Amino acid sequence: VVTREVLDDLGEIKMAILLPADIKQGDIYTGHHGKSDPSMPVATFPVDDDLTKPIEMVIPKATIEQWGEGAFIFYCKFEDRVGNVGPSSKEFKFDVRLTAAPSGLQPPEVPEHDDDVVDLKDAFPDVAVVIPTFDNGQPNDVARVTFNGKLQPDKPTDGTTQVIVDVPFRDVADGGDGPKDVTVTYAIIRNGNPFSEPTGATINVDLSIPGPVNPAPDPEEGNPNLVALVVKGSTDDNTL
């Protein structure tokens with residue numbers, strides 16, 4: 001990945017090619033940069049009398065900025081000293097991200113967990129997960145929440161305001177009533193690339209409904225206050 005920070009720090013991107021066993025003086029290596037093969041040449045390396053010199057070529061900073069963001073390749077073509085041009089080398093693939101990455105990502109918040117438990121009343125019909133504001137947002141960013149391993153639908157965000165993702169009851173209840181610890185995480189997705197908030201949050205979920213204390217000793221099977229069930233058939237009671 002070539003980020004804005006890396007590009008500004010280095011000023012250019014240097015590519016190195018392993019020395020072939022049959023290298024000769026007068027050979028020419030040409031580096032190509034772009035989205036696919038064929039792409040435009042960006043640098044050449046003529047082989048001189050020092051056959052041990054590393055084959056290195058540079059993609060200029062201006063070239064990378066001109067092409068913009070996205071997935072790119074770099075490959076090399078070889079021309080020998082008498083003009084024979086070989087096939088393209090294997091592609092080196094990399095991503096370019098020229099806008100500053102989302103930063104200052106804070107852990108997600110779950111307001112229904114303010115009393116240290118998400119109970120049945122809190123969980124129906126959904127549980128809200130709040131994504132705090134962050135720096136370096138872009139208009140095409142989205143927040144992607146994962147609740148107890150369940151991916152939630154993306155929510156657009158530019159980082160300037162909080163975003164609320166409503167997790168439906170079925171996902172909250174998945175895995176049983178509890179009590180259970182549930183992990184909540186999120187990532188900001190930009191151009192298909194995830195920038196994950198590093199810590200996440202762990203919340204207690206307990207959807208069980210407390211009942212009366214079990215009587216002691218246990219009552220006998222059946223309720224003596226109810227009349228016994230009788231099945232009516234074509235002959236006698238309880239006979240079909």
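User: Which side chain makes a polar contact with the side chain of Asn193?

Analyst: In this predicted model, the partner is Arg97, whose side chain makes a polar contact with the side chain of Asn193 at 3.2 Å. Asn193 itself is found in strand S14, which covers residues 193-196.

User: Is Asn193 buried or exposed?

Analyst: A residue counts as buried when its relative accessible area is under 20%, and Asn193, with a relative accessible area of 15%, is therefore buried.

User: How many aromatic pairs does the structure hold, and how should I read the geometry of Tyr29 and Phe78?

Analyst: The structure holds 5 aromatic pairs. For Tyr29 and Phe78 the ring centres are 5.1 Å apart and the planes stand at 45°, so this pair is tilted. As for where the two rings sit, Tyr29 lies in strand S3 (residues 28-34) and Phe78 in strand S6 (residues 70-79), so the pair ties together parts that are 49 residues apart in sequence. Their surroundings can be read from accessibility: Tyr29, at 7% relative accessibility, counts as buried, whereas Phe78, at 26% relative accessibility, counts as partly exposed.

User: What kind of pair do Phe124 and Phe169 form, and which parts does it tie together?

Analyst: Phe124 and Phe169 form an edge-to-face pair, with 5.8 Å from centre to centre and 70° between the planes. Phe124 lies in the loop between helix H3 (120-123) and strand S8 (126-131), while Phe169 belongs to helix H4 (residues 169-173), so the parts that this pair ties together are 45 residues apart in sequence. Phe124 counts as exposed, at 61% relative accessibility, and Phe169 counts as partly exposed, at 26%.

User: Which residues form an aromatic cluster, and what lies over the face of Phe72?

Analyst: One aromatic cluster is formed by Trp67, Phe72, Phe92 and Phe94. Over the face of Phe72 lies Lys35, at 4.2 Å from the ring centre.

User: How is empty space found, and how much of it lies in the largest pocket?

Analyst: The general idea is that rolling a probe the size of a water molecule over the atoms shows where empty space is left. In this structure, about 230 Å³ of space lies in the largest pocket. That pocket is lined by 15 residues, and those that lie nearest its centre are Ile17, Tyr75, Cys76, Ser89 and Lys90. Strand S2 (12-17) and S6 each supply at least two residues of this lining, and S6 gives the most to it, with 5 residues. By class, the lining of the largest pocket divides into 11 nonpolar, 1 polar and 3 charged residues.

User: How many cavities of 30 Å³ or more does a search of the whole structure find, and what lines the largest cavity?

Analyst: The search of the whole structure finds 1 cavity of 30 Å³ or more, and the largest cavity has a volume of about 40 Å³. Its lining consists of Ile23, Phe45, Pro46, Val47, Asp48, Asp50, Leu51, Thr52 and Lys53, which by class gives 5 nonpolar, 1 polar and 3 charged residues.

User: Where does Gly83 lie, and what separates the C-alpha atoms of Gly83 and Gly26?

Analyst: Gly83 lies in the loop between S6 and strand S7 (92-97), and with a relative accessible area of 39% Gly83 is partly exposed. The C-alpha atoms of Gly83 and Gly26 are separated by 9.7 Å, although the two residues are 57 residues apart along the chain.

Terms used. Residues are numbered from 1 along each chain as its sequence is written. This is a predicted model: local features need pLDDT of at least 70, side-chain atom pairs count only at pLDDT 80 or more; totals for chains, interfaces and linings use all residues. Side-chain values use heavy atoms; hydrogens and water are left out. Rings of Phe, Tyr and Trp (its six-membered ring) pair if their centres lie within 6.5 Å; planes under 30 degrees apart count as stacked, over 60 as edge-to-face and the rest as tilted. Helices (H or I, at least four residues) and strands (E, at least two) are DSSP runs, numbered from the N terminus. Buried means under 20% relative accessible area, exposed over 50%, partly exposed in between (1.4 Å probe, protein chains only). A charge sits over a ring if NZ of Lys or CZ of Arg is within 6 Å of the ring centre and within 35 degrees of the ring normal. On a 1 Å grid over the protein atoms alone, a cavity is a set of points where a 1.4 Å probe fits but cannot get out, and a pocket is an open set with protein on both sides within 12 Å along at least five of seven lines; lining residues have an atom within 4 Å of a point. Grid points are joined across faces, edges and corners, and a volume is the space filled by probe spheres set on the points. Ala, Val, Leu, Ile, Met, Phe, Trp, Tyr, Cys and Pro count as nonpolar, Asp, Glu, Lys and Arg as charged, and the others, Gly among them, as polar. A polar contact is a pair of N or O atoms within 3.5 Å; within protein, one must be able to donate a hydrogen and the other to accept it, and residues adjacent in sequence count only if both atoms are side-chain atoms.
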